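Please open the structure in your viewer and keep the sequence beside it, since this tour moves from the whole chain to a few selections.

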Amino acid sequence: MLLDPMQRTKLDPTDDELFYAYPRFVTHVDEGFIDQLTNLYRERLQPNTRILDLMSSWVSHLPDDMEFAHVEGHGLNADELAKNPRLDSYFVQDLNKNPQLPLPDASFDAVLNTVSVQYLQYPEAIFSEIHRLLKPGGVAIVSFSNRMFYHKAILAWRDGTDADRLQLVKRYFQSVPGFTPPEAIARSSTAPAFLQFLGIASGDPFYAVIASRS
């Protein structure tokens, strides 16, 4: 296993479903991050394809000028997912309790995960599921910044630097046979780290790791 039991622990071990029971109609990153992510999607996704937005919420940041054959949403709060205008359908599931997704093999052209990878306690299982769900040649895009619900992020994430976290997500992909070598994108912020952490400063750093099913 990639992570040991201690690295999977959270400061708040209570049920994630309780924490996410109340909808949060906010974005957890700034407009600069969102613009970079939307542009990345515009570059890497193809129109009229099937998309899985994993650990989604009320917004998916997909380009408004791109239409897709189907966008499936997953998350922990049904109210947030119901408000997301880009989702054609959605389901609620706690991946830390049950990492097996109720979706058929090779059914998506792309799987997206936005600013949520830090909460996965069993990332090896989830990335294996991502590989299973992708069509051959399908792409997975995992994006994140340095903001988080600190008490819900796993120890392996909390204890790392931004560079460590980028390498960690690359290792998640590398732990599953059948992915192409992961590509990393790193665009750092010039704002002081403590202001970024508090959400006061603009200019969130933008990180993404991209790999395809071979």
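The tour begins with the whole protein, then stops at one loop residue and ends at one helix.

**The whole chain**

Before selecting anything, bear in mind that this is a predicted model. Show the protein as a cartoon and colour it by secondary structure: there are seven helices and seven strands, and if you follow them from the N terminus, the elements come in the order α-α-β-β-α-β-β-α-β-α-α-β-α-β. Now turn the C-alpha trace about its principal axes, along which it spans about 40 × 35 × 35 Å. The radius of gyration is 16 Å, which agrees with the value near 17 Å that a compact globule of 214 residues would have.

Switch on the surface next, which comes to about 9,800 Å² of accessible area, with 54% of it belonging to carbon and sulfur atoms. Beneath that surface, 55% of the 214 residues count as buried. If you display contacts between residues at least 6 apart in sequence, 69% of them join residues that are at least 24 apart. Colouring by charge brings up 19 positive and 27 negative charges, whose mean positions are 3 Å apart.

**Asn-77, in a loop**

Select Asn-77, which sits in the loop between strand E2 (70-75) and helix H3 (78-83). Is Asn-77 buried or exposed? Its relative accessible area is 5%, so Asn-77 counts as buried, the cut-off being under 20%.

Show the side chain of Asn-77 together with the backbone just after it: one of its polar atoms lies 3.0 Å from the backbone nitrogen of Asp-79, and a polar atom of that side chain lies 2.9 Å from the backbone nitrogen of Glu-80. Then, setting aside neighbours within four places in sequence, add the residues that Asn-77 contacts, which are Tyr-20, Ala-21, Tyr-22, Pro-23 and Val-92.

**Helix H4, mostly covered**

Finally, select helix H4, residues 123-133, where nine of the 11 residues are buried. Which residues of H4 are buried? They are Pro-123, Glu-124, Ile-126, Phe-127, Glu-129, Ile-130, His-131, Arg-132 and Leu-133. As you look along the helix, it may help to recall that an α-helix has 3.6 residues a turn, so residues three or four places apart point the same way.

With those side chains of H4 still shown, add the elements against which its buried residues pack, namely strand E1 (50-54), strand E4 (108-114), strand E5 (134-144) and helix H6 (162-174).

Terms used: Residues numbered from 1 in each chain as written. Predicted model: local features only at pLDDT ≥ 70, side-chain atom pairs only at ≥ 80, totals over all residues. Heavy atoms only, no water. Helix = DSSP H or I, 4+ residues; strand = E, 2+ residues; numbered from the N terminus. Rg over C-alpha atoms; globule rule 2.2 N^0.38 Å. Buried < 20%, exposed > 50% of the residue type's maximum accessible area, 1.4 Å probe, protein only. Contact = heavy atoms within 4.5 Å. Areas by Shrake-Rupley, 256 points an atom, 1.4 Å probe, with all protein chains shown as cover. Lys, Arg positive; Asp, Glu negative; His and termini not counted. Charge placed at Lys NZ, Arg CZ, Asp CG, Glu CD. Polar contact = N/O pair within 3.5 Å; in protein donor to acceptor, adjacent residues only side chain to side chain.
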